Amino acid sequence: MSYNLLKGKRGLIFGALNENSIAWKTAERVFEEGGRFVLTNTPASMKMGTIDKLAEKCESIVIPADATNVEDLENLITKGMEFLGGKFDFVLHSIGMSPNVRKGRTYDDLNYHYLHQTLDISAISFHKVLQSCRKLDAINDWGSVVALSYVAAQRTLYGYNDMADAKALLESIARSFGYIYGREKNIRINTVSQSPTMTTAGGGIMGFDKLYDFAERMSPLGNASAAECADYLITLFSDLTKKVTMQNLYNDGGYSSMGMSLAAMSVYTEGLDYADVKEDLSKKGKKATAKK
Ligand SMILES: NC(=O)c1ccc[n+]([C@@H]2O[C@H](COP(=O)([O-])OP(=O)(O)OC[C@H]3O[C@@H](n4cnc5c(N)ncnc54)[C@H](O)[C@@H]3O)[C@@H](O)[C@H]2O)c1
């Protein structure tokens with residue numbers, strides 16, 4: 001369903017690799033809501049993925065850029081504004097990669113060259129995008145910038161490794177730049193902390209299926225899907241959220257406020273199966289106890 005929330009708005013979307021990507025789902029939703037945008041990814045990811053299909057569907061173009069490279073970013077921003085015929089109203093940073101995670105290095109045995117790369121790709125690139133946009137005066141007044149984060153910035157989750165440090169830095173950049181861009185041009189900058197989601201980046205995390213299942217059990221509303229994340233993001237790009245800035249906003253079904261749930265406890269309760277708990281909850285109007 002479309003509400004025309006983004007009619008007349010122009011934007012820049014980083015990170016659509018394939019149709020599972022959060023950025024892909026977001027691009028589709030932005031297009032439905034009347035927004036126009038330029039897509040970007042690294043040349044290697046463009047070859048690996050299917051971003052051209054998305055561009056065609058959304059009447060967009062793909063401009064290659066490595067988000068750690070300021071020259072690439074400046075070229076992207078300049079050409080993107082030319083294509084769209086004006087400055088951006090929204091920017092989505094949906095980028096994450098850790099060579100330590102990829103190569104199976106644990107947090108107590110990090111390769112420091114890889115750590116630099118993790119931080120550069122997954123966090124400092126956000127600063128580079130913001131600083132390049134500001135230098136080129138590429139974002140309209142009352143524009144909105146969002147980067148995707150994860151609760152591992154606040155709490156330790158086994159297996160998330162140095163990406164936790166990258167997300168903590170990413171969220172800090174949103175606050176620090178949010179002050180500068182807000183003061184000068186009323187541009188808002190936020191991070192959205194998303195549930196575990198079945199994507200290429202998500203699947204690379206050690207024990208992802210267990211993490212996903214745990215979060216699903218712990219969240220009263222269940223994990224948020226990539227499509228549900230896209231729904232939330234379009235509200236943040238719209239004029240309905242003009243005074244929300246410098247925040248880390250959870251789109252996680254309630255996970256971040258939980259300590260223990262019945263469904264998670266059922267794992268430790270003999271004879272109590274999660275499927276039974278779910279069944280029981282729906283039958284009894286959420287009055288079930290673990291006594292089955
Ligand atoms: N999947 C999850 O469980 C989950 C949960 C919370 C937050 N996130 C975050 O959401 C964002 C998007 O990830 P996703 O889950 O859609 O996975 P994805 O693999 O589809 O997207 C990650 C993107 O980052 C891009 N990228 C990597 N290095 C880059 C570089 N140097 N320059 C430009 N782009 C680069 C990749 O090409 C890819 O398109 C990431 O920030 C991720 O950390 C994901």
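This report walks through the domains, the ligand shell and three helix pairs of a predicted model.

## Two domains

Let's start with the overall layout. The chain splits into domain 1, covering residues 10–257, and domain 2, covering residues 260–292. If you take the C-alpha centres of domain 1 and domain 2, they sit 35 Å apart.

## Around the ligand

Next up is the ligand, which has 27 residues around it. The closest of these are Ser21, Ser45, Gly96, Ala201 and Gly202. Three elements each give two or more residues to this shell: H1, strand E4 (139–149) and helix H8 (200–203). H8 supplies the largest share, with three residues.

What about the chemistry of the shell? Sorted by class, the residues around the ligand come out as 14 polar, twelve nonpolar and one charged.

## H1 against H10

H1 turns up again here, this time with a helix partner. Helix H1 spans residues 22–32 and packs against helix H10, residues 226–237. Their axes are 8 Å apart and meet at an angle of about 55°. Angles from 35 to 65 degrees fall in the oblique range, so H1 and H10 are oblique to each other. The crossing of H1 over H10 is right-handed.

On the H1 side, the contact uses Ile22, Lys25, Thr26, Arg29 and Val30. H10 answers with Ala226, Ala227, Cys229, Ala230, Asp231, Leu233, Ile234 and Phe237. Put the two sides together and you get nine nonpolar residues, three charged and one polar.

## H6 against H7

Now for helix H6, residues 112–135, and helix H7, residues 163–185. This pair packs at an angle of about 15°, with the axes 7 Å apart. Because an angle under 35 degrees counts as roughly parallel, that is the label H6 and H7 get. Their crossing is right-handed.

Which residues make the contact? From H6 there are Thr118, Leu119, Ser122, Ala123, Phe126, His127, Leu130 and Arg134. From H7 come Met163, Asp165, Ala166, Leu169, Leu170, Ile173, Phe177 and Tyr181. By class, that contact holds eleven nonpolar, three polar and two charged residues.

## H4 against H6

H6 has a further partner to look at: helix H4, residues 70–84. The axes of H4 and H6 lie 10 Å apart, and the angle between them is about 50°. That angle makes H4 oblique to H6. Once more the crossing has a hand to note, and H4 passes H6 in a right-handed one.

Here Val70, Leu73, Glu74 and Ile77 of H4 meet Lys128, Val129, Ser132 and Cys133 of H6. Five residues of this contact are nonpolar, two are charged and one is polar.

Note on methods:
Residues numbered from 1 in each chain as written. Predicted model: local features only at pLDDT ≥ 70, side-chain atom pairs only at ≥ 80, totals over all residues. Axes fitted to C-alpha atoms, helices over the stretch in contact; angles between N-to-C directions. Helix = DSSP H or I, 4+ residues; strand = E, 2+ residues; numbered from the N terminus. Parallel < 35°, antiparallel > 145°, perpendicular 65-115°, else oblique. Left-handed = near helix turned anticlockwise from the far one by under 90°. Contact = placed C-beta atoms within 7 Å. Nonpolar A, V, L, I, M, F, W, Y, C, P; charged D, E, K, R; others polar. Near = placed C-beta within 6 Å. Domains from an automatic or database assignment.
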